[in-house]
Amino acid sequence: MANRGAIARRVIRACNELGLESVAVYSEADIGAPYLAEASQTYALAGHSATETYLNQERLLDVLKHSGAQGVHPGYGFLSESADFARAVQGAGKTFIGPAPEWLERMGDKVAARALMSQEGFPTFSGSDLITGIKQAKETAELIGYPVLVKPTGGGGGMGMERVEGPEALEHAIARSRTIAASAFASGGIYLEKWIAQPRHIEFQIIADNNGRSAHVFERECSIQRRNQKLIEESPAPGLPAETLLAVAEQSATVCTHLGYNNVGTLETLLSQDGVFGFLEMNTRIQVEHGVTEEVTGLDLVGLQIKLAQGESLPQSPQRSGFAIEARVYAEDAVTLLPSTGKLAVFRLPEMYGVRVETGFQEGQSVTPYYDALLAKVIAKGHTREIAIGRLSIALKAFAIEGVATNIPLLQRVLLDERFLDGKIDTGLLDSIRN
């Protein structure tokens, strides 16, 4: 398991349930993580930073060799979408638990991904090719129409995205985006995309095998975001016609079948206020919010990833039942959204019917500045959306955390907001609640 935190624990649990041995790696900052006791083997990665540890391909491949593991699950983030790492794993005679490296390359470059999906007939919003100079950028921005987004061609999580209202701000925004992209993603490539006012962010879960078959597992609503990063996700998406969502989901699966996708992935879209879907990106890995889909379908998406990588065929398409909603609990100030570090003096998970908590932390462990500040994912389900929201709200209230600040008060404000309860959601809702 070439990762840490909640996803490392989730993959180890899937391995245990499948009767497979698991190998966990850990940095010096993650000593004391609860999943280390749950793995069959553990290997220390010297250092604290991501570069020294979970991004250190040489060290990870060394662990792969000496542990006797037959495959690598990359989780999400870090090396999960690195074609070079996937090829290195395969070159060592092991299985990369994810799609083929070619897919990681195809979808890892957003300009190439947009072009590919457009060729396949999937709708896209106006955008550009790779920006190579400011003259080209200004001419292209005029054609697209302001405001525009400057976006890195690689990476994700909203990093490096810059909204530009007019030509006078474009050059500076491009410079900022390039700098962030080069630092975060080792590539300063950027492109332009039409700014869509107050869209909804809806993604479609894809599962695919090595026999050329792909299927969708419905959609997730991901519009509650801060800094273009998701905070609350749910399924089904509220207030939208089921037949419309099903049509886009089926088109997503059809495209993936035609192109030969071969593991779990997520096709992300924006939905404009006038009801138009447009391709955003495809994440060629397990999503942070995969548990939402698991709760409404009964699938084990992580276990399925492993089975598909072993050559098993797709299972029968599941039905969806009930409603599920997830909140991401971060170690950050609920007002400023600045990260918070410290020792978890109290960390007591809510134990409630219909509530599931995924975490890589336990009481007494320290939250460090080296990695993402995600403490836990709290997932609630119910026969109705209202029941699921109510259970989530109560669970968050019962989640006892001391030693670091958390965003739980902000999450509660969202869950109690009348617009959210009515399903009147868009990517600007959180900012309007905060302001």
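The following exchange concerns the cavities, one pocket and one helix pair of a predicted model.

Me: Before we start, which residues count?
Reply: In this predicted model, local features need pLDDT of at least 70 and side-chain atom pairs count only at pLDDT 80 or more, while totals for chains, interfaces and linings use all residues. Residues are numbered from 1 along each chain as its sequence is written, and side-chain values use heavy atoms, with hydrogens and water left out.

Me: How many cavities of 30 Å³ or more are there?
Reply: The structure has three. On a 1 Å grid over the protein atoms alone, a cavity is a set of points where a 1.4 Å probe fits but cannot get out, whereas a pocket is an open set with protein on both sides within 12 Å along at least five of seven lines.

Me: What lines the largest cavity?
Reply: The lining includes Arg4, Asp30, Phe361 and Tyr371 (an atom within 4 Å of a point). The largest cavity holds about 50 Å³ (the space filled by probe spheres set on the points, which are joined across faces, edges and corners).

Me: And the second largest pocket, which residues lie nearest its centre?
Reply: Glu21, Ala69, Gln70, Gly71 and Val72 do, out of 29 lining residues. The volume of this pocket is about 580 Å³.

Me: Which element gives the most to that lining?
Reply: Helix α2 does, with five residues (helices are DSSP runs of H or I, at least four residues, numbered from the N terminus).

Me: New topic: at what angle do α6 and α7 cross?
Reply: The axes, lines fitted to C-alpha atoms over the stretch in contact, cross at roughly 115° and come within 10 Å (angles run from 0 to 180 degrees between N-to-C directions).

Me: Which residues make the contact?
Reply: Ile134, Ala137, Lys138 and Ala141 of α6 meet Leu170, Glu171 and Ile174 of α7 (heavy atoms within 4.5 Å).

Methods: Helix = DSSP H or I, 4+ residues; strand = E, 2+ residues; numbered from the N terminus.
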